[in-house]
Amino acid sequence: MKIPATEIENTNPRLAVTVGDPGGIGPEIILKALADPAVTENCDLTIIGSHRILQQTYQKLSQLSQKTESQQLLVKWENLKILDVEFNGKLENIFLGKGNAVSGEASFCFMETAIAQTLAGKFQGIVTAPISKTCWQMAGHKYPGQTELLAEKAGVKKFGMLFFARSPHSDFVLRSLLATTHIPLCQVPKVLTPELLSWKLELLIESLQKDFGISRPKIAVAGLNPHSGENGQLGTEEQDWLIPWLDKQRDRRPDIELDGPVPPDTMWVKPGQAWLGLPAKTYDAYLALYHDQGLIPVKLMAFDLAVNTTIGLPFVRTSPDHGTAFDIAGQGIADATSMKAAIKLAKELILQRN
């Protein structure tokens, strides 16, 4: 879907930030993240959610600070630009630390509103606080997650989950794309096909060039089986189609460096070394074939720093790489680092695209 043209010349990036599940840590990490001037500078931010939820969260966190004598750096909720969203259910039935059908309905409506406003041209990107897939299901919304809702509403059939993190120890930037996402592990060999990998690779290359300014990217592609199949001894997918597919892609794209299939257990060694500032050969991106193959190393290296960005959409979308954390919601201890990184990356991607 094409977004209507708007007067965007010489303006700061316009971002919608959704509250996520109001029973989780979304409101807290937003209040903490937006207290950092480096996050809010050169950016026009609108919170999509509820004045009352943010007000109540601010008051609770302020009271906790007084009781524990610990300084909570929070942006004042009344200083925020907030778009109130109506939803079926009462705020009195939303409880910090406990997700339910009402909190699921609220977070779904926040997300729907952000998408509609963005497609209408009001925003150039969306930063999404965490939601609970279970609570969405309880509210009657049968989506695997926010990514699938975004793609459906945008009219996009080809999209991908790209995880981004910048090392605090070096200049290394980690980018990991998942070929398959939220499906059971037993379904991966059936879903994973040359056709699927072809358009995932195409999306990845396009994103590296358009979003990150890398004209001739270097990409590592993981194998599926242990030791990439060990010449067919530990699985035949590599021999049957993955290696022939890679050979065809190299012929088609001589300007792109494609390495693989790299054994999954060793593909992340050099990125891990580079993350710590050690000399190592690295790639601009790593194409993982299933969820945990790509996300275990990302979360091991960069749990508080990683950002999930959806590629293939007609607008920018980023999100913190963690969940609702109901178990610590309302305690004042949620870490806003990933939310800060998500907002900063969204700004960078919009500026790069423009």
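In what order do the 11 strands of the open sheet lie? In this predicted model, the order is 3-2-1-4-11-10-5-6-9-7-8, and the pairing is mixed. Strand 3 (82-84) and strand 8 (257-262) form the edges, each pairing on one side only. From one strand to the next, the twist averages 25°.

**Strand 4 and its partners**

Strand 4 (residues 125-128) runs parallel to strand 11 (residues 316-320), and three bridges join the two. Strand 4 also pairs with strand 1 in the parallel sense, over four bridges. Individual bridge partners and facing residues are listed below.

| Residue | Opposite residue | Strand pair |
|---|---|---|
| Alanine 16 | Isoleucine 126 in strand 4 | Strand 1 and strand 4 |
| Glycine 125 | Valine 316 in strand 11 | Strand 4 and strand 11 |
| Isoleucine 126 | Arginine 317 in strand 11 | Strand 4 and strand 11 |

Isoleucine 126 thus appears twice, as the bridge partner of alanine 16 and opposite arginine 317. The residues of strand 4 point in two directions: Gly125 and Val127 one way, Ile126 and Thr128 the other way. Residues on both faces of strand 4 are buried.

**Helix 4 and serine 103**

Helix 4 lies across strand 1 (14-18), strand 2 (44-49), strand 3 and strand 4, and its direction makes an angle of about 165° with strand 4. Serine 103 belongs to this helix, which covers residues 101-119. Is serine 103 buried or exposed? Its relative accessibility is 0%, and serine 103 therefore counts as buried, the limit being under 20%. Leaving aside residues up to four places away in sequence, serine 103 touches Asp21, Pro22, Gly23, Ile94 and Cys135.

**Helix 8 and the loop that follows**

What span should the 17 residues of helix 8 have at 1.5 Å a residue? The expected value is 24 Å, and the end C-alpha atoms are 24 Å apart, so the two agree. The buried residues of helix 8 include Leu196, Leu197, Trp199, Lys200 and Leu201. Also buried in helix 8 are Leu203, Leu204, Ile205, Ser207 and Leu208.

Glycine 213 is located in the loop between helix 8 (194-210) and strand 7 (218-222). With a relative accessible area of 47%, glycine 213 is partly exposed, because this value lies between the limits of 20% and 50%. Apart from residues up to four places away in sequence, glycine 213 touches Leu208 and Gln352; Leu208 is one of the buried residues of helix 8. Proline 168 is 45 residues from glycine 213 along the chain, and their C-alpha atoms are separated by 21 Å.

Definitions and conventions
Residues are numbered from 1 along each chain as its sequence is written. This is a predicted model: local features need pLDDT of at least 70, side-chain atom pairs count only at pLDDT 80 or more; totals for chains, interfaces and linings use all residues. Side-chain values use heavy atoms; hydrogens and water are left out. Buried means under 20% relative accessible area, exposed over 50%, partly exposed in between (1.4 Å probe, protein chains only). Contact means heavy atoms within 4.5 Å. Two strands pair if DSSP finds at least two bridges between them. Axes are lines fitted to C-alpha atoms, for helices over the stretch in contact, and angles run from 0 to 180 degrees between N-to-C directions. The expected span of a helix is 1.5 Å times one less than its number of residues.
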